[in-house]
Structures are given as C-alpha cells and as structure tokens.
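Work through the exercises below with the coordinates open. Each task is followed by a solution in steps.

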Amino acid sequence: AGENISKGKLVGQYAGVINSVKDAGAVYAQGNGAYLMRCQEVFGNRERLVLTCIDAGPKGNALRFANHSCEPNLEWSAVRSGSPMPVVLFYAAKSISAHDEICFDYGSGK
C-alpha cells in the first residue's frame with residue numbers, strides 16, 4: 001500500500017473488460033489469463049448463480065497486481081447499482097500499513 005489504510009475503507013474497484021465465461025476461457029487458454037477475476041454471485045436460496053469474468057489485462061488498474069494470501073488484508077464484494085453488470089469493490093479487511101503488500105484470498109468474496 002502507498003499509505004496507511006484503515007479497516008473497512010474502500011481501496012478501489014477491480015477494473016477491466018467484462019467477458020463471458022466462454023470468452024474468459026479462451027483468454028485463459030491462450031495463456032493470457034493472469035489478470036482474470038471470476039466473480040460468482042448467488043441469489044435467493046442458492047436458486048440462481050451468476051458468473052462474471054473481469055479481464056484486467058488490457059484495461060486494468062493497480063488492483064490487478066494484488067496477490068493471493070490465506071491471511072488477506074483485502075476483501076471484495078460484488079455490487080450492482082442500476083446496471084446488470086456487477087462492480088467488484090475491494091475493502092480493507094484490517095488496518096494496512098504503508099508499504100504492506102495488499103492481497104486477497106482468490107477463492108473468497110461476499
């Protein structure tokens with residue numbers, strides 16, 4: 001992190017190109033999937049599952065460089081507001097000191 005970040009603070013949006021699962025699979029198969037994020041949302045009583053893939057490779061921001069950790073200092077959440085596509089936002093899961101590596105659990109999300 002470039003500065004101290006307090007717990008719960010919005011760190012940023014995972015920016016990139018929204019792809020279908022099929023298109024994201026093709027990107028990954030070509031060896032270009034290093035910055036693919038698969039956002040899985042469950043609606044109702046597990047009645048509906050929606051998958052969205054965000055490819056931060058061509059048009060991403062600094063959050064694409066966040067690494068995996070089993071003890072992450074970031075958590076993410078998919079948010080929908082007036083759009084059928086979710087926005088993936090990252091929040092500080094705990095206080096983060098300047099110069100700490102920012103990281104999240106690639107298998108988590110709320």
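**Exercise 1.** Locate Asp55 in the predicted model and describe the surroundings of its side chain.

Solution.
- Step 1: Asp55 belongs to strand β4, which covers residues 48–55.
- Step 2: Asp55 is buried and forms no salt bridge. The nearest side chain of opposite charge is that of Arg64, 7.3 Å away. The cut-off for a salt bridge is 4 Å between a side-chain nitrogen of Lys or Arg and a carboxyl oxygen of Asp or Glu.
- Step 3: A polar atom of the Asp55 side chain lies 3.0 Å from the backbone nitrogen of Gly57.
- Step 4: Leaving out residues up to four places away in sequence, Asp55 touches Gly16, Val17, Asn19, Val27, Tyr35 and Leu36.

**Exercise 2.** Decide whether Glu41 is buried or exposed, and find the side chain with which Glu41 makes a polar contact.

Solution.
- Step 1: Glu41 is part of strand β3, residues 36–43.
- Step 2: Glu41 counts as buried because its relative accessibility is 9%, and the limit for buried is under 20%.
- Step 3: The side chains of Glu41 and Arg80 are joined by a polar contact of 2.6 Å.
- Step 4: With residues up to four places away in sequence not counted, Glu41 touches Arg48, Leu49, Val50, Thr52, Ala78, Arg80 and Pro86.

**Exercise 3.** Leu49 appears among the residues touched by Glu41. State which strand holds Leu49 and which surface patch Leu49 helps to make.

Solution.
- Step 1: Leu49 is in strand β4.
- Step 2: Together with Val21, Val42 and Leu51, Leu49 makes a nonpolar surface patch of about 310 Å².

**Exercise 4.** Describe the backbone phi of His99 and the setting of this residue.

Solution.
- Step 1: His99 sits in the loop between β7 (87–92) and β8 (103–104).
- Step 2: Its phi is positive, about 80°, although His99 is not a glycine. For comparison, most residues other than glycine have a negative phi.
- Step 3: His99 is classed as exposed because its relative accessible area is 73%, and exposed means over 50%.

**Exercise 5.** Which residues does Leu10 contact beyond its neighbours within four places in sequence?

Solution.
- Step 1: Leu10 lies in strand β1, residues 10–13.
- Step 2: At 44% relative accessibility, Leu10 is partly exposed.
- Step 3: Beyond those neighbours, Leu10 is in contact with Leu89, Phe90 and Tyr91.
- Step 4: The C-alpha atoms of Leu10 and Ala93 are 9.8 Å apart, with these positions 83 residues apart along the chain.

How values were computed. Residues numbered from 1 in each chain as written. Predicted model: local features only at pLDDT ≥ 70, side-chain atom pairs only at ≥ 80, totals over all residues. Heavy atoms only, no water. Helix = DSSP H or I, 4+ residues; strand = E, 2+ residues; numbered from the N terminus. Buried < 20%, exposed > 50% of the residue type's maximum accessible area, 1.4 Å probe, protein only. Lys, Arg positive; Asp, Glu negative; His and termini not counted. Polar contact = N/O pair within 3.5 Å; in protein donor to acceptor, adjacent residues only side chain to side chain. Contact = heavy atoms within 4.5 Å. Patch = residues over 30% accessible without salt bridge, like charges linked within 9 Å, V, L, I, M, F, W, Y side chains within 5 Å. Areas by Shrake-Rupley, 256 points an atom, 1.4 Å probe, with all protein chains shown as cover.
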